[in-house]
Amino acid sequence: MEYWQPEIETMPRKQLQELQLKRLKKSVNAVYKNVPLYRKRFDDAGLKPADVRSLDDLKKLPFTKKSDLRDTYPFGMFAVPLQQCNRLHASSGTSGKSTVVGYTKKDLETWADLMARCFYMVGVRPGDVFQNAANYGLFTGGLGIHAGAERLGCVAVPAGTGSTQKQIEMIRDFGVRVMHCTPSYALYIAETCKKMGIEPGTLPLRIGLFGAEPWSANTRVQLEKSFGIKAYDSYGLSEMMGPGVAFECTEQDGLHIWEDAFIVEVLDKNGEQCAPGEKGELVLTTLLKEALPLIRYRTGDITMIMKDECPCGRTSVRLNKFYGRADDMLIIRGLNVFPSQIEHILMDMPEVGEYFQVVLERVNHMDEMTVRVEMSDKAFSGELGDLQKVTGKVTKKLKDSLNLRTKVVLVEKGSLPRVEGKSKKVIDMRTAI
Ligand code: DLL
């Protein structure tokens, strides 16, 4: 059995816990000293960093939520001055404002190492040609994965998303052995291959790394069969750094979470700790981050800690494949979108009435979002040109704010269903991939 960082990956649990406590104390001190929001929360709860004497004391500490990052937009939760950061990334937030995350030079080093650990774990080796078909913008799946591939010594190909035919030609011509993308994009690539008259199984790919959205056991079978690869699940979130938080090993049975870098809690609806084998919300505390250390961050993701030790010899706990979200966050083509965000954008436009509906479908393995909007009385002149203008304006506004292509359909006032109580603003017709 080979490991990228054997001393950490196979560290006896007692020693691992001692390491965690030492690092937790450091993180708690850093946030108390440098982040006003944490200092206030600790003070309000009558807590001082010195009150953290054991790992069990973590339970006393306040939670952090995505809304905290939004409320202190853009850099209010940073524990170092902006000038000490080397990079920023961002993901969508609830109010149209993004959640901004920062990294010091050391944070980027840690991230690259954690990523390399994940890749090495599933058989990626120096010299492998590694194509990253993820978005290279503010999304962490671009540069984050890329840095890990370089750290390991791979030949990284920053393919980005789109130009699918070209991607396939590169896989074939460059001898690409490892590919990373979202599972839905992988399905689309397989289908495009067939349209081009290329049998996906004849490509040189051997390892597929897929994440950023939930995917099922069936999709794994489908992808492994069509490409002739082993497919591994990759979990992460920008707030913790991005991808590289938890990753499957070759056992393909649960995702190892790197406990030297994160403390894992799984909590039930009342905030009580779930026992291994019980489903709840994943809550994470960072142990190594300098720019944006977060204490008890509520990820909103539902999973459970798996009971048994893993035959691979790694001592970190494993998380079950993710079951979904505790909130209403949607993942559309890998982007996180909250219905409230769409509402916020639409309600800011005088042409739009009070009712709208979001319909999500999967067409050719890709997510398609249609937004049906009722026009406001004053915008409705009955002229076709006016309708087209409003459609164009709404489409552009949604694209600019969400960075997501949407189809906008204007409907007559009064035609969307009115319900008593909570209206169903989102109709998700996508079957689980
Ligand atoms: O999606 C980071 C990432 C990039 C992970 C590339 C893996 C590969 P965010 O855009 O901040 O970061 O979205 C994080 O996506 O809270 C989950 O709800 C969801 N998610 C990520 N990976 C998985 C997965 C990146 N493997 C949010 N299974 C998270 C299920 C996932 N959901």
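This is a short talk on the cores, one helix, one sheet and the cysteines of this structure.

Hi everyone, and thanks for coming. Please keep in mind that we are looking at a predicted model.

Let me start with the inside. The largest nonpolar core has 72 residues, and the members that touch the most others are Phe119, Val124, Phe130, Leu209 and Leu284. Which helix gives this core its largest share? That is α5, residues 105-121, with nine residues. Let me stay with Leu284 for a moment. Beyond its neighbours within four places in sequence, Leu284 has contacts that include Leu237, Met240, Val245, Ile257 and Phe262. Its list also takes in some residues outside the nonpolar set, including Arg296 and Thr299. Apart from the largest core there is another one, of 26 residues, with Met170, Val176, Leu187 and Leu205 among them.

Now back to α5. Is this helix largely enclosed or largely open? Since 13 of its 17 residues are buried, α5 is largely enclosed by the rest of the structure. Its length agrees with expectation too: 17 residues at 1.5 Å a residue should span 24 Å, and the C-alpha atoms at the two ends are 25 Å apart. After the helix comes Gly123, with a positive phi near 100°.

Next, the sheet. Four strands form an open sheet in the order β19-β18-β17-β20, and the pairing is mixed. At the edges we find β19 (407-411) and β20 (426-428); each has a single partner strand, so one side of each is without a neighbour in the sheet. From one strand to the next, the twist averages 20°. If you zoom in on β17, residues 352-363, you will see that β17 pairs with β20 in the parallel sense, over three bridges. One bridge joins Val358 to Val426 in β20. Lying across β17, β18 (366-375) and β19 is helix α11, residues 384-402, which runs at about 140° to β19.

Last, the cysteines. How many disulfides does the structure hold? Zero. For Cys154, the nearest cysteine sulfur belongs to Cys118, 13 Å away, and Cys154 is in no disulfide. Cys154 still counts as buried, because its relative accessibility is 10%, and the cut-off for buried is under 20%. Why is Cys193 not bonded to Cys181? The sulfur of Cys181 is the closest to that of Cys193, but at 11 Å it is too far for a bond. Cys193 is buried as well, with a relative accessible area of 0%.

That's my tour, and I'm happy to take questions.

Technical notes: Residues are numbered from 1 along each chain as its sequence is written. This is a predicted model: local features need pLDDT of at least 70, side-chain atom pairs count only at pLDDT 80 or more; totals for chains, interfaces and linings use all residues. Side-chain values use heavy atoms; hydrogens and water are left out. A disulfide is a pair of cysteine sulfur atoms within 2.5 Å. Buried means under 20% relative accessible area, exposed over 50%, partly exposed in between (1.4 Å probe, protein chains only). Two strands pair if DSSP finds at least two bridges between them. Axes are lines fitted to C-alpha atoms, for helices over the stretch in contact, and angles run from 0 to 180 degrees between N-to-C directions. Contact means heavy atoms within 4.5 Å. A nonpolar core is a set of buried Ala, Val, Leu, Ile, Met, Phe, Trp, Tyr and Cys residues joined through side-chain atoms within 4.5 Å. The expected span of a helix is 1.5 Å times one less than its number of residues.
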